[in-house]
Amino acid sequence: MKVSSTTNTSSTISGFILLGFPCSREGQLLLFGLFSVLYLLTLMGNGSIICAVRWDQRLHTPMYILLANFSFLEIWYVTSTVPNMLANFLSDTKVISFSGCFLQFYFFFSLGSTECFFLAIMAFDRYLAICRPLHYPTIMTGRLCASLVVSCWVLGFFWFLIPIIIISQMSFCGSRIIDHFLCDPGPLLALTCTRAPVIELTSSTLSSLLLFIPFLFIMVSYTLVLKAVLKVPSAAGRRKAFSTCGSHLAVVSLFYGSVMVMYVSPTSEHEAGMQKMVTLFYSIVTPLINPVIYSLRNKDMKHAMKKLLRT
């Protein structure tokens, strides 16, 4: 990476400056305490789902295995941003190294991409379970489930690899101040010495494909599920079918509803405050409340959680 400095101050900086949430020292300490608690609750909530699925034999089914893997993903997703954010609250310089910035960029976007693919295969699993119940055990085997999980991780970690490598080799000018709490493509591209329309278009295209292809797949799956459920004669059967899908639909709505605002056009002129709040929601708040959504709306998971808490 080439760095061009225009001021004496910037020439002494060994990386980018993440402004985070500028406020007084007391405010920074308050935010440190708040996000520390949220981070620990996220780890505990998603860790509890993993342990419940691991220890309860009744949950050794594809739906819950996918859920446990999703919770594992959420733990790493929030870990890609929050520890550095916490360190930033206590730092006077707010500096993140170039390598640290682009490693965070890579892992944050790779894990987010993996989440998009996971939400799609979880919808596919619900489609098979409800629309093809007799064939479900023979189609969604342990081998297929494992293959889908591995495919999500591999696709997620390769999706943005080339654009991130190219951006990391570009020249950066000026103060190198990023008005965000993480290394995001929009602010990074704004700091490059020259405009890179090809990279901007590539990033926008990859983001759009990543968001809309899995999203359309999810919508088609649940449209077919809805048609099948409406044909169920008993109200109890319809409620049971809806309850198994309701949690996943809630998570999809929370994640896609916020992430689409930001990354369909990563270089568009969003206000810095809006960028931070929307990113904060889908990267920290959503992983926090996902375990609550899944455990409250699922009887088997609630039973397994109670059993886990009693041990």
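Me: In this predicted model, which residue of E3 stands opposite Ile-17?

Reply: A bridge partner is read by looking across from one strand to its neighbour. Ile-17 stands opposite Val-95 in E3. Next to that pair in the sequence, Phe-16 faces Ile-96 of E3. The strands involved are E2, residues 15-18, and E3, residues 95-97; three bridges join them, and they run antiparallel.

Me: How many bridges join E2 to E5, and do the two strands run parallel or antiparallel?

Reply: Two bridges link E2 with E5 (residues 177-178), and this pair runs parallel. One residue pair to look up is Leu-18, which stands opposite Ile-178 in E5.

Me: In what order do the strands form the sheet?

Reply: The order is E3-E2-E5, an open sheet of three strands with mixed pairing. E3 and E5 stand at the edges with a single partner strand each, so one side of each has no neighbour in the sheet. As for side chains, in a regular strand they alternate between the two faces of the sheet.

Me: Which helix lies across E2, E3 and E5?

Reply: Helix H5, residues 98-131, lies across E2, E3 and E5 and runs at about 80° to E3.

Me: H5 also meets H10. At what angle do the axes of H5 and H10 cross?

Reply: For a helix pair, read the axis distance and the crossing angle together. The axes of H5 and H10 come within 9 Å and cross at roughly 15°. That angle makes H5 roughly parallel to H10, as angles under 35 degrees count as roughly parallel. The crossing of H5 and H10 is left-handed.

Me: Which residues of H5 and H10 meet?

Reply: On the H5 side they include Ser-113, Phe-117, Phe-124, Arg-126 and Tyr-127; on the H10 side they include Pro-214, Phe-217, Ser-221 and Tyr-222. By class, the contact of H5 with H10 has 19 nonpolar, two polar and one charged residues.

Me: Are H2 and H4 roughly parallel or roughly antiparallel to each other?

Reply: The direction follows from the crossing angle. The axes of H2 (residues 25-55) and H4 (residues 82-90) cross at roughly 160° and come within 8 Å. H2 and H4 are therefore roughly antiparallel to each other, given that angles over 145 degrees count as such. Their crossing is left-handed.

Me: Which residues make up the contact of H2 with H4, and how do they divide by class?

Reply: From H2 come Arg-25, Gln-28, Leu-29, Leu-31, Phe-32, Phe-35, Ser-36 and Tyr-39, which meet Val-82, Pro-83, Met-85, Leu-86, Asn-88, Phe-89 and Leu-90 in H4. The residues of this contact divide into eleven nonpolar, three polar and one charged.

Me: How do the axes of H8 and H10 cross?

Reply: The axes of H8, residues 161-168, and H10, residues 197-230, come within 10 Å and cross at roughly 150°. H8 and H10 are therefore roughly antiparallel to each other. The crossing of H8 and H10 is left-handed. H8 brings Pro-163, Ile-166 and Ile-167 to the contact, and H10 brings Ile-199, Thr-202, Ser-203 and Leu-206. Five of these residues are nonpolar, two are polar and none is charged.

Me: Which residues does the UniProt annotation "transmembrane region" cover?

Reply: An annotation comes from a record and can be set beside the coordinates. The unreviewed UniProt entry gives "transmembrane region" for residues 29-52, 64-83, 103-124, 144-166, 209-230, 242-265 and 277-296. In the model, residues 29-52 are 100% helix and 0% strand, with the end C-alpha atoms 34 Å apart. For residues 103-124 the end C-alpha atoms lie 32 Å apart, and the span is likewise 100% helix and 0% strand.

Notes: Residues numbered from 1 in each chain as written. Predicted model: local features only at pLDDT ≥ 70, side-chain atom pairs only at ≥ 80, totals over all residues. Heavy atoms only, no water. Axes fitted to C-alpha atoms, helices over the stretch in contact; angles between N-to-C directions. Helix = DSSP H or I, 4+ residues; strand = E, 2+ residues; numbered from the N terminus. Parallel < 35°, antiparallel > 145°, perpendicular 65-115°, else oblique. Left-handed = near helix turned anticlockwise from the far one by under 90°. Contact = heavy atoms within 4.5 Å. Nonpolar A, V, L, I, M, F, W, Y, C, P; charged D, E, K, R; others polar. UniProt positions renumbered as here; feature names shortened; annotations may be inferred. Pairing = 2+ DSSP bridges.
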